[in-house]
Amino acid sequence: MKAELLKILREAEDYVSGQQLCDHFGVSRTAVWKVIRQLQEEGYQIEAVKNRGYLLKKDAVPDVMTVPEIISRLHSRWMGRNCIFLETVDSTNNYLKRAAEDGAVNGTLAVAEEQTGGKGRRGRSWETPKGTNIAMTILLRPEIRPEHASRLTLLMAMAVVRGIQKETGLQAGIKWPNDVVVDGHKVCGILTEMNTEVDYINYVVIGTGINVNQTEFPEEIREIAGSLKLSAGHPVARAGLIASIMEELEDLYEVFLKTEDLSALKDEYNRNCVTCGHEIRVLEPGHEYTGTTDGINDLGELVVKKADGETVCVYAGEVSVRGLYGYV
């Protein structure tokens, strides 16, 4: 009831009468008032005026990522609808992997206010300080071949770019395969993990960490990391960004499932790919080379033209872009 009531107040242009809310939920005025009081105690500024009803001050909504706040903003049909909020967790990926083993449904979203043991690619750490950023993981149970699952990372990157642009107006870009950058700085990292049989996927979890309102970073990443607040010049509502990303991911995911490749999405991906058109360095185990790229192919592989003229398709690996992240 709290999420639905918050959604009604958020989308209303004027006061909403108490009787209207009673009729909508089939409850008493006392029950409605109890929920209003709970929201006020959580920091929402809701005016209560006799004979007029309730009015949510939309310019003073607290920056919280509670389930009611996220659901009240969410317009997806199924992605993220089953939402779990955690005050603190070691890793949202680990949490949802455990939940998946216990039968959590497709599209379950876990969001943490604080993440103490998050992981990036190749075992790197990704900590999320309390009250500033987004640490979230989505659980999917796709009926696709296991070898196609890596493309889901690219879908999430696209969803994050769309969500950032929608919520902030900032022009975000993708550094293949799993970073999102704004103004040349990394603001998002993505880690996809899966549990499979030989030819069947039990589940996939896609963890996404976004620097939203953080303004200070450890010295070792200060030149690399950025945040949406630093680029936009103002705080960004985290719940609104989460909702937008879930809506965009649902759209992208359903397009992807029709072919299990990126044939219908690669043009958009390449338009937003900061890796394209630059000299890059590819680091593979025991092998390193430079080249240029115009983007990905239908399979999500990065098509690289090496300095010696040979064209190769990179499936996975470290890719540095000249002029970005200290590669000069």
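Here a trainee and a mentor talk through a predicted model, one question at a time.

Trainee: How are helix α1 and helix α3 set against each other, roughly parallel or roughly perpendicular?
Mentor: Two packed helices are described by the angle between their axes and the distance between the axes. For α1 (residues 2-11) and α3 (residues 29-41), the axes are 11 Å apart and the angle is about 80°. Angles from 65 to 115 degrees fall in one class, so α1 and α3 are roughly perpendicular.

Trainee: Which residues of α1 make the contact with α3?
Mentor: On the α3 side you'll find Val32, Val35, Ile36, Gln38 and Leu39. Sorted by type, the residues of this contact come out as 7 nonpolar, 1 polar and 1 charged. The ones that α1 brings are Lys2, Leu5, Leu6 and Leu9.

Trainee: How many residues of α1 are buried?
Mentor: Buried here means under 20% relative accessible area. In α1 that goes for Lys2, Ala3, Leu5, Leu6, Lys7, Ile8, Leu9 and Arg10. The cover over them includes α2 (18-25), α3, β1 (46-49), β2 (53-56) and α4 (67-73). So the helix is mostly covered, and the count is 8 of its 10 residues.

Trainee: What about Met1, is it buried or partly exposed?
Mentor: Met1 sits in the segment before α1. Setting aside residues up to four places away in sequence, it touches Phe25, Val27, Ala31, Val32 and Val35. Its relative accessible area is 39%, and buried would need under 20%, so Met1 is partly exposed.

Trainee: How far apart in space are Met1 and Val49?
Mentor: In sequence, 48 residues separate Met1 and Val49. In space, going C-alpha to C-alpha, the distance is 21 Å.

Trainee: Which residues does UniProt list for "binding site"?
Mentor: A word on the source before the names: the entry is unreviewed, and such annotations may be inferred rather than shown by experiment. With that in mind, the record gives Ser91, Thr92, Asn93, Gln115 and Lys186.

Trainee: Take Ser91 from that list. Which backbone nitrogen does its side chain reach?
Mentor: Ser91 is in the loop between β3 (83-89) and α5 (92-101). Its relative accessible area is 2%, so it counts as buried. At 3.1 Å, its side chain reaches the backbone nitrogen of Asn94.

Trainee: And Lys186, which side chain does it join in a polar contact?
Mentor: Lys186 lies in strand β9 (residues 185-196). Its relative accessible area is 19%, which is under the 20% cut-off, so Lys186 is buried. The polar contact spans 3.4 Å, and the partner side chain is that of Asp179.

Trainee: Where is Glu250, and which backbone nitrogen lies 3.0 Å from its side chain?
Mentor: Glu250 belongs to helix α8 (residues 238-259). With a relative accessible area of 6%, it is buried. Beyond its neighbours within four places in sequence, it is in contact with Ser76, Arg77, Trp78 and Met79. The backbone nitrogen 3.0 Å from a polar atom of the Glu250 side chain belongs to Arg77.

Trainee: Is Lys306 buried or exposed?
Mentor: Lys306 is in strand β13 (residues 302-306). Its contacts, leaving aside neighbours within four places in sequence, are His287, Tyr289, Thr290, Gly291 and Val312. The relative accessibility is 15%, so Lys306 counts as buried.

Trainee: Which peptide bond is cis?
Mentor: Look at Pro177, in the loop between β7 (172-175) and β8 (179-182). Omega is near 0° for the bond leading into it. That cis bond runs from Trp176 to Pro177.

Trainee: Asp183 has a positive phi; what is its value?
Mentor: Asp183 is found in the loop between β8 and β9. At 57% relative accessibility it is over the 50% mark, so it counts as exposed. Asp183 is a residue other than glycine, and its phi is near 55°.

Trainee: Glu260 has a positive phi too. Is that residue buried or exposed?
Mentor: Glu260 lies in the loop between α8 and α9 (266-271). Its phi is about 65°, although it is not a glycine. The relative accessible area is 17%, so Glu260 is buried.

Note on methods. Residues are numbered from 1 along each chain as its sequence is written. This is a predicted model: local features need pLDDT of at least 70, side-chain atom pairs count only at pLDDT 80 or more; totals for chains, interfaces and linings use all residues. Side-chain values use heavy atoms; hydrogens and water are left out. Axes are lines fitted to C-alpha atoms, for helices over the stretch in contact, and angles run from 0 to 180 degrees between N-to-C directions. Helices (H or I, at least four residues) and strands (E, at least two) are DSSP runs, numbered from the N terminus. Angles under 35 degrees count as roughly parallel, over 145 as roughly antiparallel, 65 to 115 as roughly perpendicular and the rest as oblique. Contact means heavy atoms within 4.5 Å. Ala, Val, Leu, Ile, Met, Phe, Trp, Tyr, Cys and Pro count as nonpolar, Asp, Glu, Lys and Arg as charged, and the others, Gly among them, as polar. Buried means under 20% relative accessible area, exposed over 50%, partly exposed in between (1.4 Å probe, protein chains only). A polar contact is a pair of N or O atoms within 3.5 Å; within protein, one must be able to donate a hydrogen and the other to accept it, and residues adjacent in sequence count only if both atoms are side-chain atoms.
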